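Subject: Structure for you to look at

Hello,

Here is the structure I promised to pass on. Please open it first, then read my notes below.

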Amino acid sequence: MKGENAYALDSIISDSLGHRIKLTSMRFYIGGGHALDDAENEIGHYEDAILLVDASQSNDFAIGSIHASHIHAFHLHLGLESEANHLDIAGAEPPLDDAGMYLGSTIDGRAFLKINADLVDDNGGLIESISYTCSTDALLGEAEVHAHHDVVEGETFTAQAQVDMAQLFAGIDATVNYTGTAADPVCQRLMTNLAGAIDGMDE
């Protein structure tokens with residue numbers, strides 16, 4: 001979504017100074033997580049449910065089972081734990097086998113967030129191509145998807161999450177910061193913005 005509106009990959013978003021940005025691709029890892037009840041007790045564990053979210057796809061994932069209970073929220077790891085991040089791509093299972101997110105060695109690991117986009121003028125004309133590859137263990141963050149659902153035994157529950165793309169480039173001047181890599185200040189801000197932009201959708 002973009003603010004209150006639906007988002008498509010070629011929609012126009014803006015940085016904090018109003019510069020127009022059109023994404024061509026955006027992918028990021030969710031490195032597992034757990035479900036919480038209203039008292040913040042963990043009622044479902046999904047540490048092994050590693051997901052690769054792609055803005056060009058519908059992103060429907062099955063993450064595991066849960067006991068009948070009230071779900072308040074899903075607490076997610078934004079990025080990857082160190083062991084998963086630095087796993088050799090040779091023999092890795094999906095989605096850790098994705099060559100587009102692998103940075104070439106076990107030392108460098110994987111991109112947590114990868115964005116390719118164009119700065120465009122008011123008529124949609126290209127000003128500059130921009131790209132951000134955010135990585136390193138230091139950028140592992142957290143996000144929370146509120147659900148508020150009473151799970152009935154035998155039920156299959158689908159929690160709907162959304163990313164408010166209008167928040168993605170808050171505090172960033174894309175005309176100055178054409179690129180971002182590793183854990184530089186631009187990537188730190190993008191990861192923080194992404195964490196704040198993720199939430200659940202009302203049932």
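Which residues does aspartate 54 touch, not counting residues up to four places away in sequence? The answer is Met26, Arg27 and Asn59. Aspartate 54 itself lies in strand β4. Its relative accessible area is 11%, so aspartate 54 is buried. Please keep in mind throughout that this is a predicted model.

Overall layout

The chain has two helices and eleven strands. From the N terminus on, the order is β-β-β-β-β-α-β-β-β-β-β-α-β. There are 203 residues, and 40% of them count as buried. Along the principal axes, the C-alpha atoms fill a box of roughly 55 × 40 × 25 Å. The radius of gyration is 18 Å, which agrees with the value near 17 Å for a compact globule of 203 residues. The accessible surface comes to about 10,400 Å². Carbon and sulfur atoms account for 48% of that surface.

Contacts often reach far along the sequence. Take the contacts between residues at least 6 apart: 66% of them join residues at least 24 apart.

The nonpolar core

In soluble globular proteins, nonpolar side chains tend to be buried together. Here the largest nonpolar core has 51 residues. Leu23, Phe28 and Leu190 have the most contacts inside it. Seven stretches are worth colouring, since each of these elements gives two or more residues to this core:

- β2 (20-36) and β4 (50-54)
- β5 (70-78) and β6 (111-120)
- β7 (126-135) and β8 (141-150)
- the helix α2 (185-197)

Start with phenylalanine 28. Leaving out residues up to four places away in sequence, phenylalanine 28 touches Leu51, Leu52, Val53, Leu78, Met101, Phe112, Leu113, Val163, Leu194 and Ile198.

One of those partners, valine 163, lies in strand β9. Is valine 163 buried or exposed? Its relative accessibility is 19%, and the cut-off for buried is under 20%, so valine 163 counts as buried. Leucine 36 is 127 residues away from valine 163 in sequence. In space, their C-alpha atoms are 20 Å apart.

Aromatic pairs

How many aromatic pairs does the structure hold? There are two.

Tyrosine 46 and phenylalanine 74 form a tilted pair, 6.4 Å centre to centre, with 40° between the planes. This pair links distant parts of the chain. Tyrosine 46 sits in the loop between β3 (42-45) and β4, while phenylalanine 74 is in strand β5, 28 residues apart. Both tyrosine 46 and phenylalanine 74 are buried.

Tyrosine 132 and phenylalanine 169 form the other pair. Their ring centres are 5.8 Å apart and their planes are at 65°, so this pair is edge-to-face. Tyrosine 132 belongs to strand β7, and phenylalanine 169 to the loop between β9 (161-163) and β10 (179-182), so the pair ties together parts that are 37 residues apart in sequence. Tyrosine 132 has 0% relative accessibility and counts as buried. Phenylalanine 169 is buried too, at 0%.

Cysteines

A disulfide is a covalent bond between the sulfur atoms of two cysteines. How many disulfides does the structure hold? The count is zero. Cysteine 134 is buried, with a relative accessible area of 0%. Cysteine 187 is also buried, at 0%.

Backbone features to check

Most residues other than glycine have a negative phi, and most peptide bonds are trans. Three places in this model are worth a look against that background.

- Proline 94 and proline 95 are joined by a cis peptide bond, with omega of about 0°. Proline 95 is in the loop between α1 (82-85) and β6.
- Glutamate 40 has a positive phi of about 70°, although it is not a glycine. The loop between β2 and β3 holds glutamate 40. With a relative accessible area of 46%, glutamate 40 is partly exposed.
- Threonine 136 has a positive phi of about 85°, and it is not a glycine either. Threonine 136 lies in the loop between β7 and β8. Its relative accessible area is 27%, so threonine 136 is partly exposed.

Best wishes

Conventions
Residues numbered from 1 in each chain as written. Predicted model: local features only at pLDDT ≥ 70, side-chain atom pairs only at ≥ 80, totals over all residues. Heavy atoms only, no water. Core = buried A, V, L, I, M, F, W, Y, C linked by side-chain atoms within 4.5 Å. Buried < 20%, exposed > 50% of the residue type's maximum accessible area, 1.4 Å probe, protein only. Helix = DSSP H or I, 4+ residues; strand = E, 2+ residues; numbered from the N terminus. Contact = heavy atoms within 4.5 Å. Phe/Tyr/Trp six-rings, centres within 6.5 Å; stacked < 30°, edge-to-face > 60°. Disulfide = S-S within 2.5 Å. Rg over C-alpha atoms; globule rule 2.2 N^0.38 Å. Areas by Shrake-Rupley, 256 points an atom, 1.4 Å probe, with all protein chains shown as cover.
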